[in-house]
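Biologist: Before we talk, could you put the sequence and the model on the screen, so that we can ask of each label what it rests on?

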Amino acid sequence: MSSPCDPQHARAGDVSAALMMMDSRLKAVYDGKTKTDPEQQALIDQFAASLGPGGVDDVLDGTCTLIYMFMQWLRMAYEDHDKDVIACVVPNLVATMHMMPKSVRPEVIPTMAALLVAAGTGLSPSLWRKQYGRWTENEMTPLEATAFLLAEHINRLTDDPDFATRMITEALSESDED
């Protein structure tokens, strides 16, 4: 039986823009730059403003697509070792989010955890979220953090700081060829 949250019904959104934003954060952290550079933040703000309301929704959908793709890759990786992706990934990400109180407010952590469970069980994160209303302002940074933390988790598992970004880039290239 097909779910209304099945990924086949979801918009992919602007995966390239979401990937670019997530990758720039990863590179900054790997370079030891944990504080947001004011110049970089100004560029991000200018980019977001140039998108307009529809463009922002596209980036949100793109971020959800990244989360879905990362969770599917992790699901397959953990299943290869007879482990459950939900049990291995969600508690670690929730614990990490609790250590980020300036970026991730405690009241949105359950939403991000449920989003990970939805993606890990094969549901579209954006369609799953849509049934509860629009994204809130308080969920924007935690959503970005969720994609970032998943990518970083994948990079640690593969011992390759560019693996998650390269995986998505290759998937995008393959879809362009089709």
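Modeller: Let us begin with Cys64, whose relative accessible area is 1%, and say early that the model we are looking at is predicted.

Biologist: What makes Cys64 count as buried?

Modeller: The label buried is given under 20% relative accessible area, and Cys64, at 1%, falls under that limit, so Cys64 counts as buried. Cys88 has a relative accessibility of 19%, which is also under 20%, and therefore Cys88 counts as buried too.

Biologist: How many disulfides does the structure hold?

Modeller: The structure holds zero disulfides, which means that no pair of cysteine sulfur atoms lies within 2.5 Å.

Biologist: How do you know how much confidence the predictor has in the chain?

Modeller: The pLDDT runs from 0 to 100, and the chain averages 88, with 95% of the residues scoring at least 70. Among the elements of the chain, the lowest mean pLDDT, 85, belongs to H2, and the highest, 96, to helix H3, residues 85-98.

Biologist: Why is the contact between Arg75 and Glu79 called a salt bridge?

Modeller: The limit for a nitrogen of Lys or Arg and a carboxyl oxygen of Asp or Glu is 4 Å, and the closest N and O atoms of Arg75 and Glu79 are 3.2 Å apart, so the pair qualifies as a salt bridge. Both residues belong to helix H2, residues 38-79, where being four residues apart separates them by about one helical turn.

Biologist: What makes Arg75 and Glu79 partly exposed?

Modeller: Partly exposed covers what lies between under 20% and over 50%, and Arg75 has a relative accessible area of 24%, while Glu79 has 44%, so both residues take that label.

Biologist: Which parts of the chain does the salt bridge between Glu139 and Arg129 tie together?

Modeller: Glu139 and Arg129 form a salt bridge whose closest N and O atoms are 2.9 Å apart. Glu139 lies in helix H6, residues 137-158, and Arg129 in helix H5, residues 125-130, so the pair ties together parts that are ten residues apart in sequence. With relative accessible areas of 5% for Glu139 and 6% for Arg129, both fall under 20% and are therefore buried.

Biologist: Glu152 and Arg156 also form a salt bridge; is each of these partners buried or exposed?

Modeller: Glu152, at 17% relative accessibility, is under 20% and so counts as buried, whereas Arg156, at 53%, is over 50% and therefore exposed. Their closest N and O atoms are 2.7 Å apart, and both lie in helix H6, four residues apart, about one turn of the helix. Elsewhere, salt bridges that share partners join Asp23, Lys27 and Asp162 into one network. A search of the whole structure finds nine salt bridges.

Biologist: How do you know that the reach of helix H1 is close to what is expected?

Modeller: Helix H1, residues 15-30, has 16 residues and reaches 22 Å from its first C-alpha to its last, close to the 22 Å expected at 1.5 Å a residue. The buried residues of H1 include Val15, Leu19, Met22 and Leu26, and H1 is followed by Gly32, whose phi is positive, near 85°.

Biologist: What makes Thr121 exposed, and where does it lie?

Modeller: Thr121 has a relative accessible area of 51%, which is over 50%, so the label exposed applies. Thr121 lies in the loop between helix H4, residues 109-120, and H5, and the backbone oxygen of Ala118 lies 3.0 Å from a polar atom of the side chain of Thr121.

Biologist: Is Asp160, in the loop between H6 and H7, buried or exposed?

Modeller: Asp160 has a relative accessible area of 19%, which is under 20%, and is therefore buried. A polar atom of the Asp160 side chain lies 3.0 Å from the backbone nitrogen of Asp162.

Biologist: Which residues touch the most other members of the largest nonpolar core?

Modeller: Of the 46 residues in that core, they are Ile67, Phe70, Met71 and Leu150. The elements that give two or more residues to this core are H1, H2, H3, H4, H6 and helix H7, residues 163-177, and the largest share, ten residues, comes from H2.

How values were computed:
Residues are numbered from 1 along each chain as its sequence is written. This is a predicted model: local features need pLDDT of at least 70, side-chain atom pairs count only at pLDDT 80 or more; totals for chains, interfaces and linings use all residues. Side-chain values use heavy atoms; hydrogens and water are left out. A salt bridge is a side-chain nitrogen of Lys or Arg within 4 Å of a carboxyl oxygen of Asp or Glu. Buried means under 20% relative accessible area, exposed over 50%, partly exposed in between (1.4 Å probe, protein chains only). The expected span of a helix is 1.5 Å times one less than its number of residues. A polar contact is a pair of N or O atoms within 3.5 Å; within protein, one must be able to donate a hydrogen and the other to accept it, and residues adjacent in sequence count only if both atoms are side-chain atoms. A nonpolar core is a set of buried Ala, Val, Leu, Ile, Met, Phe, Trp, Tyr and Cys residues joined through side-chain atoms within 4.5 Å.
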